[in-house]
Amino acid sequence: MTMKKVKGVSLDNIAWNENSTTNESRITNERITFRQRVSQDVKYQWRMVKKNKSKYIFIAPYVILFFVFTVCPVFISIFLSFTNFNMLEMPKFTGLQNYFRLFMADDIFVKALGNTIMFALITGPCGYMISLVMAWFINELPRAARVIITVLLYAPSLAGGMTPIFKIFFSSDAQGFLNAFLLDWGFITTPIKWLENATYVVPIIIFVVLWGSLGTSFLSFIAGLQGIGKEYYEAAAMDGIKNRWQELWYITLPLMKPQLMFGAVMSITGAFNIGSIITGLAGNPSVDYSAHTIMQHLVDYGTVRFEMGYSSAIATVLFFIMIFLNKAIQKFLNKVGE
């Protein structure tokens with residue numbers, strides 16, 4: 001059905017022009033409202049800053065140091081990842097060349113990426129669960145026993161020199177503690193090269209990392225459990241909670257979400273930062289690159305070969321992997337107790 005023309009003008013065009021004018025005026029009003037809202041928010045925030053200026057002055061030193069030594073290096077590293085930089089000449093922009101080299105031409109990086117994910121999936125969740133379960137059990141003990149056992153379990157993470165101790169324990173000669181024990185009892189006839197054998201080095205590193213996993217997250221779990229009052233459990237019992245597992249899922253864990261998130265971040269950071277332990281035990285690189293990780297690859301190119309652009313690309317990939325895992329764990333923890 002066609003519209004009639006009035007003096008050579010189609011009524012369809014008139015209707016379209018009217019709708020267009022209405023839409024434009026509506027959009028203009030929305031823009032004005034948005035601008036006014038932004039202006040009001042800015043004025044309000046500025047008034048709050050002036051009202052609480054003493055508090056901002058107190059936190060300013062930390063904010064400045066955090067921005068200079070944490071935020072700025074991250075952005076500088078991301079920028080350098082798109083350049084060719086050897087610390088002697090000015091950076092030369094190369095686009096995505098470093099990233100293509102990482103995933104297309106660097107077989108060692110691909111192996112390091114797989115090893116890093118493997119270590120993270122094993123040591124991260126296992127260390128996290130060990131810390132949580134141990135904290136849950138220890139919280140039920142009397143105060144004196146709880147303090148003593150907490151100190152004993154936390155002591156390995158305080159021992160900064162535990163890597164040399166384990167290196168002596170797993171030494172490849174007959175003087176190593178493990179080889180000496182096995183030789184004395186007749187289980188073996190010749191010393192085993194524990195840290196020079198690709199079959200043994202990965203399980204040993206996992207064992208050492210888990211041994212020292214009861215760290216800061218363990219103490220945060222203890223503090224979180226101590227902060228939950230008994231009245232919550234009494235109210236839950238009246239609402240139908242029947243056993244300890246239901247208390248854990250519906251009461252304890254939801255009230256510990258800040259500590260759980262903190263422990264998850266620390267576990268992820270520790271799982272991806274085990275390069276120093278591997279270097280101390282098996283060297284850099286380890287035998288056949290069997291335990292080579294992204295952190296070791298980064299250190300190799302950054303502090304040995306001085307290919308800072310390439311090492312920045314490695315660091316950027318590691319950074320975004322950790323961000324992704326933190327977001328995924330945060331979504332999972334938000335569902336605890338549902």
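1. Start with the second largest pocket: α15 gives the biggest share of its lining, eight residues. This is a predicted model, where local features need pLDDT of at least 70 and side-chain atom pairs count only at pLDDT 80 or more, while totals for chains, interfaces and linings use all residues. Residues are numbered from 1 along each chain as its sequence is written, and side-chain values use heavy atoms, with hydrogens and water left out.

2. Which helices each supply at least two residues of that lining? They are α2 (53-80), α12 (257-272), α14 (294-304) and α15 (308-334). Helices here are DSSP runs of H or I with at least four residues, strands are runs of E with at least two, and both are numbered from the N terminus.

3. The second largest pocket holds about 450 Å³ of space, and 21 residues line it, with V74, S77, L298, A315 and F319 nearest its centre. A pocket is an open set of points on a 1 Å grid over the protein atoms alone where a 1.4 Å probe fits, with protein on both sides within 12 Å along at least five of seven lines; lining residues have an atom within 4 Å of a point. The volume is the space filled by probe spheres set on the points.

4. Have a look at the chemistry of this lining: twelve residues are nonpolar, nine are polar and no residue is charged. Asp, Glu, Lys and Arg count as charged; Ala, Val, Leu, Ile, Met, Phe, Trp, Tyr, Cys and Pro as nonpolar; the others, Gly among them, as polar.

5. On to the rings: there are 13 aromatic pairs (Phe, Tyr or Trp ring centres within 6.5 Å, using the six-membered ring of Trp; planes under 30 degrees apart are stacked, over 60 edge-to-face, the rest tilted). One of them is the tilted pair F82 and Y99, at 5.5 Å centre to centre and 50° between the planes. F82 sits in the loop between α2 and β3 (83-84) and Y99 in helix α3 (residues 97-105), so this pair links distant parts of the chain, 17 residues apart.

6. Is Y99 buried or exposed? Y99 counts as buried because its relative accessibility is 16% (buried is under 20%, exposed over 50%, partly exposed in between, with a 1.4 Å probe and protein chains only). F82, at 26%, is partly exposed.

7. F181 and W185 also make a tilted pair, 6.1 Å centre to centre with 45° between the planes. F181 is partly exposed at 44%, whereas W185 is exposed at 61%.
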